[in-house]
Amino acid sequence: MATAPSAASRIAVVTGASSGIGAATARRLAAAGYRVVLTARREDRIEALAKELNEAGHQATAYPLDVTDRAAVDEFATAFQTIAVLVNNAGGALGADPVATGDPADWRTMYETNVIGTLNLTQALLPRLEASGDGTVVVVSSTAGHGTYEGGAGYVAAKHGAHVLAETLRLEIVGKPVRVIEIAPGMVKTDEFALTRFGGDEEKAAKVYQGVAEPLTADDVADTIAWTVTRPSHVNIDLLVVRPRAQASNSKVHRDL
């Protein structure tokens, strides 16, 4: 198990940092001068990323963590006196079944990861963010948190929950030195998102992006996260929706087939 990082200013904690948007965000924030703390369940992935960043002259620490394990999250939080940024990125989708046949276990897992995981980290680290005098909470939701589509109800419900969490938190802590930012990506092509959603079925995963010339990349989303985080302290980007040009809505995508 990795050693918990010591307290320092300008620490950025990134959840789900083992791949995709989380890993790309860690790279961006490290390049921006933050000491990044990488959390995810896959220790080998975050250890490799921490090594990459440190060898590049940045500061990075890996800390294996399951965001749905509240006791582990609370223990993690004791490592810090203050932090500057929390990026709640851990999440994901499972299945694309209609409501009539959706698996309640998948729905529960999505809610636990996307909503309760975000709640756990935010609650545990909010005092440290406030103590910094200039903290930022980022919630990576999805355009699914702002509109539904057939076959997506479980994921849509979870991301609506993440959206409402961010929106409510912003109301509740106004006047405190902590910003609350929501990033809502549309179609992003990463190595794992669609593959995980369809239980490793590569054919189904490929169809998600079929004919779409340029879906977003993880780095596109990480770029928007880093931009919002590095705005002047008085500037709060409440909500940033980012889609590829080929996607007009969750259910309207231009495909060259």
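Reader: In which helix does Arg 170 have its place?
Author: The model considered here is predicted. The location of Arg 170 in that model is helix α5.

Reader: Is Arg 170 buried or exposed?
Author: Residues count as buried when their relative accessible area is under 20%. Arg 170 has a relative accessibility of 19%, so this residue is classed as buried.

Reader: Leaving aside neighbours within four places in sequence, which residues are in contact with Arg 170?
Author: Contact requires heavy atoms within 4.5 Å. With neighbours within four places in sequence left aside, the partners of Arg 170 are Val 180, Ile 181, Glu 182, Asn 236 and Asp 238.

Reader: Which side chain does that of Ser 141 join in a polar contact?
Author: Ser 141 is found in the loop between β5 and α5, and its relative accessibility of 3% makes it buried. Beyond its neighbours within four places in sequence, Ser 141 contacts residues that include His 146, Lys 159 and Ala 162. The polar contact of its side chain, at 2.5 Å, is with the side chain of Glu 182.

Reader: What distance separates the C-alpha atoms of Gly 152 and Gly 92?
Author: Gly 152 also belongs to the loop between β5 and α5. With 1% relative accessibility, Gly 152 counts as buried. Gly 152 and Gly 92 are 60 residues apart along the chain, and their C-alpha atoms are separated by 12 Å.

Reader: How many aromatic pairs does a search of the whole structure find?
Author: Rings are paired if their centres lie within 6.5 Å. Searching the whole structure gives a number of aromatic pairs equal to 3.

Reader: What is the angle between the planes of Tyr 63 and Phe 76?
Author: The ring centres of Tyr 63 and Phe 76 are 4.8 Å apart. Planes under 30 degrees apart count as stacked and those over 60 as edge-to-face, with the rest tilted. The pair of Tyr 63 and Phe 76 is tilted, with an angle between the planes of 55 degrees.

Reader: How many residues apart in sequence are the parts that Tyr 63 and Phe 76 tie together?
Author: Both Tyr 63 and Phe 76 are buried, and together with Phe 80 they form one aromatic cluster. Tyr 63 belongs to strand β3 and Phe 76 to helix α3, so their pair ties together parts whose separation in sequence is 13 residues.

Reader: At what distance from the ring centre of Tyr 34 does Arg 10 lie?
Author: A charge over a ring requires CZ of Arg to be within 6 Å of the ring centre. Arg 10 lies over the face of Tyr 34, and its distance from the ring centre is 4.3 Å.

Reader: What span is expected of helix α4 at 1.5 Å a residue?
Author: Helix α4 covers residues 104–131 and has 28 residues. From its first C-alpha to its last, α4 reaches 39 Å, which is close to the expected 40 Å.

Reader: At which residue in α4 does the kink lie?
Author: The kink is of about 45 degrees. Shortly after this point in α4 comes the proline Pro 127. The buried residues of α4 include Ala 124, Leu 126 and Leu 129. The kink itself lies at Leu 125.

Reader: To which residue's backbone nitrogen does a side-chain oxygen of Asp 103 reach?
Author: This approach is found at the start of α4. The side-chain oxygen of Asp 103 comes to within 2.9 Å of the backbone nitrogen of Ala 105.

Reader: Which residue takes a positive phi just after α4?
Author: Elements including β1, α3, β4 and β5 cover the buried residues of α4. Just after this helix, a positive phi of about 80 degrees is taken by Gly 133.

Reader: How far apart are the end C-alpha atoms of helix α1?
Author: Helix α1 has 12 residues, which should span 16 Å at 1.5 Å a residue. The computed separation of its end C-alpha atoms agrees with this, being 17 Å.

Reader: What phi does Gly 33 take just after α1?
Author: Among the buried residues of α1 are Ile 21, Leu 29 and Ala 30, and the elements covering the buried residues of this helix include β2, α2 and α8. Gly 33, just after α1, takes a positive phi of about 105 degrees.

Reader: What is the C-alpha to C-alpha distance between Ala 56 and Ala 30?
Author: Ala 56 lies in the loop between α2 and β3 and is exposed, with a relative accessible area of 51%. Ala 56 and Ala 30 are 26 residues apart in sequence, while their C-alpha to C-alpha distance is 9.7 Å.

Note on methods
Residues numbered from 1 in each chain as written. Predicted model: local features only at pLDDT ≥ 70, side-chain atom pairs only at ≥ 80, totals over all residues. Heavy atoms only, no water. Phe/Tyr/Trp six-rings, centres within 6.5 Å; stacked < 30°, edge-to-face > 60°. Helix = DSSP H or I, 4+ residues; strand = E, 2+ residues; numbered from the N terminus. Buried < 20%, exposed > 50% of the residue type's maximum accessible area, 1.4 Å probe, protein only. Lys NZ or Arg CZ within 6 Å of the ring centre and 35° of its normal. Expected span 1.5 Å × (residues − 1). Bend = angle between axes of the 7 residues up to and from the residue. Polar contact = N/O pair within 3.5 Å; in protein donor to acceptor, adjacent residues only side chain to side chain.
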